[in-house]
Amino acid sequence: MARVNDQPSGWEWASGLERAEFKRLEQDIRRALGAADFTLLYQPRYQLRTHRPVGAEALIRWQHRKRGLVPPGLFLPVAEQSGLINEIGGFVLHAACIAAAGWPSSLGISVNISARQLLDGVLLDQVAAALEAAALDPERLELEVTETILLDLSLDVQFMLAALRDLGVGLALDDFGTGHTSLATLKRLPFTVMKIDRSVVRTLPRDREDAAIVRAIVGTAQALGLSVVAEGIENAEQEAFLAAIGCDSGQGFLFSPPLSGHEIISRLGAGA
Ligand code: C2E
Ligand code: MG
Ligand code: MG
């Protein structure tokens with residue numbers, strides 16, 4: 001298993017892995033791409049007012065032959081730093097669009113995109129190709145990018161976001177509430193959805209500061225005409241608070257953990 005260094009030297013990466021372990025993981029990721037060892041799980045998202053399903057988020061899983069289940073938090077940083085994230089991202093987009101094409105047409109699919117993918121020219125073609133291969137209406141696809149990409153917002157990123165939006169896909173700002181995005185920045189970016197980070201949802205409704213932050217996020221999203229999704233809803237009190245302040249939809253263990261491709265079809269098909 002990966003060894004996390006106590007004192008990372010200059011060479012080592014943000015993931016804190018030793019160089020040898022980084023290289024091993026990189027090779028394993030390459031092999032896994034060839035052997036189709038990556039799969040997707042789907043976590044359903046529900047409209048809070050009606051409890052109707054509105055779609056699902058695709059979440060990658062790597063079932064490693066020796067290591068077991070490797071969490072995305074461990075292998076995605078390695079994939080990003082080695083450039084393999086583009087290949088993984090292409091796989092995720094294709095598999096997610098194909099899956100969603102088999103669901104009722106009222107349901108959308110959300111796909112996570114890492115910062116490195118946004119900076120690379122291939123993303124636009126990958127999204128267009130995935131939509132075409134699955135014959136999926138672009139309006140049913142939403143791309144989630146984490147708020148931290150806005151900390152260093154280059155013109156390239158702004159251009160990419162605008163080009164993606166021009167394709168007709170939705171754009172969600174993931175993990176919102178963890179960064180320091182200004183209203184002025186938000187106003188000029190083409191996001192369609194704000195996703196409240198689970199770290200501020202976790203302590204609702206008792207933590208007064210988090211409750212105030214979440215109210216402010218919902219108010220800001222509404223003022224900008226964006227819909228709001230809460231992630232990590234684990235209990236009925238959190239759900240009731242979020243519904244009462246006008247949060248549109250949510251996902252979390254209260255409703256369902258991430259499900260396999262087969263499980264999500266029976267869940268969404270059953271309308272619950
Ligand atoms: P995220 O996009 O914010 O996804 C939400 C994470 O919260 C997922 O973890 C999900 O399994 C977990 N989760 C869902 N409901 C609950 C809940 O009620 N309570 C708690 N405590 N957790 C909940 P996961 O699957 O381990 O993914 C972690 C992160 O890895 C994701 O965060 C996303 O940033 C990234 N990721 C996952 N799949 C992909 C992918 O295909 N591509 C890229 N670029 N990133 C991905
Ligand atoms: Mg996400
Ligand atoms: Mg998130």
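A residue counts as buried when its relative accessible area is under 20%. By that cut-off, 47% of the 272 residues of the protein chain are buried in this predicted model. The chain carries two magnesium sites, and Asp174 bridges the magnesium ion (ligand 2) and the magnesium ion (ligand 3).

**Overall fold**

- The protein chain contains 11 helices and nine strands.
- Its radius of gyration is 19 Å, close to the 19 Å that the globule rule gives for 272 residues, so the chain is as compact as a globular protein of that length.
- The C-alpha trace spans about 50 × 40 × 35 Å along its principal axes.
- Among contacts in the protein chain with a separation of 6 or more, 67% are between residues 24 or more positions apart.

**Surface and charge**

- The protein chain has an accessible surface of about 13,200 Å², and carbon and sulfur atoms make up 53% of that area.
- There are 33 negative and 25 positive side chains, and the centres of these two sets lie 3 Å apart.

**Magnesium ion (ligand 2)**

- The protein donors are Glu57 (OE), Asn112 (OD1), Glu144 (OE) and Asp174 (OD), at 2.0 to 2.3 Å from the ion.
- The spacing of these donor residues in sequence is E-x54-N-x31-E-x29-D.
- Asn112 belongs to strand S4 (residues 108–113) and Glu144 to strand S5 (residues 141–146), so this pair ties together parts that are 32 residues apart in sequence.
- Glu144 is buried, with a relative accessible area of 1%, whereas Asn112 is partly exposed, at 28%.

**Magnesium ion (ligand 3)**

- The protein donors of this ion are Asp174 (OD), Asp175 (OD) and Glu231, which is listed with OE twice. They lie 2.1 to 2.7 Å from the ion.
- Along the chain these donors follow the spacing D-D-x55-E.
- Asp175 sits in strand S6 (residues 170–176), while Glu231 is in the loop between strand S8 (227–230) and helix H10 (236–244). The two residues are 56 residues apart, and the pair links distant parts of the chain.
- Glu231 has a relative accessibility of 9%, so it counts as buried.

**The shared donor**

- The magnesium ion (ligand 2) and the magnesium ion (ligand 3) are 3.9 Å apart, with Asp174 coordinating both.
- Asp174 therefore appears in both donor sets, through OD in each case, because donors are N, O and S atoms within 2.8 Å of the metal.

Methods:
Residues numbered from 1 in each chain as written. Chains lettered and ligands numbered in written order. Predicted model: local features only at pLDDT ≥ 70, side-chain atom pairs only at ≥ 80, totals over all residues. Heavy atoms only, no water. Helix = DSSP H or I, 4+ residues; strand = E, 2+ residues; numbered from the N terminus. Rg over C-alpha atoms; globule rule 2.2 N^0.38 Å. Buried < 20%, exposed > 50% of the residue type's maximum accessible area, 1.4 Å probe, protein only. Contact = heavy atoms within 4.5 Å. Areas by Shrake-Rupley, 256 points an atom, 1.4 Å probe, with all protein chains shown as cover. Lys, Arg positive; Asp, Glu negative; His and termini not counted. Charge placed at Lys NZ, Arg CZ, Asp CG, Glu CD. Donors = N, O, S within 2.8 Å, 3.2 Å for Na, K, Ca; no water.
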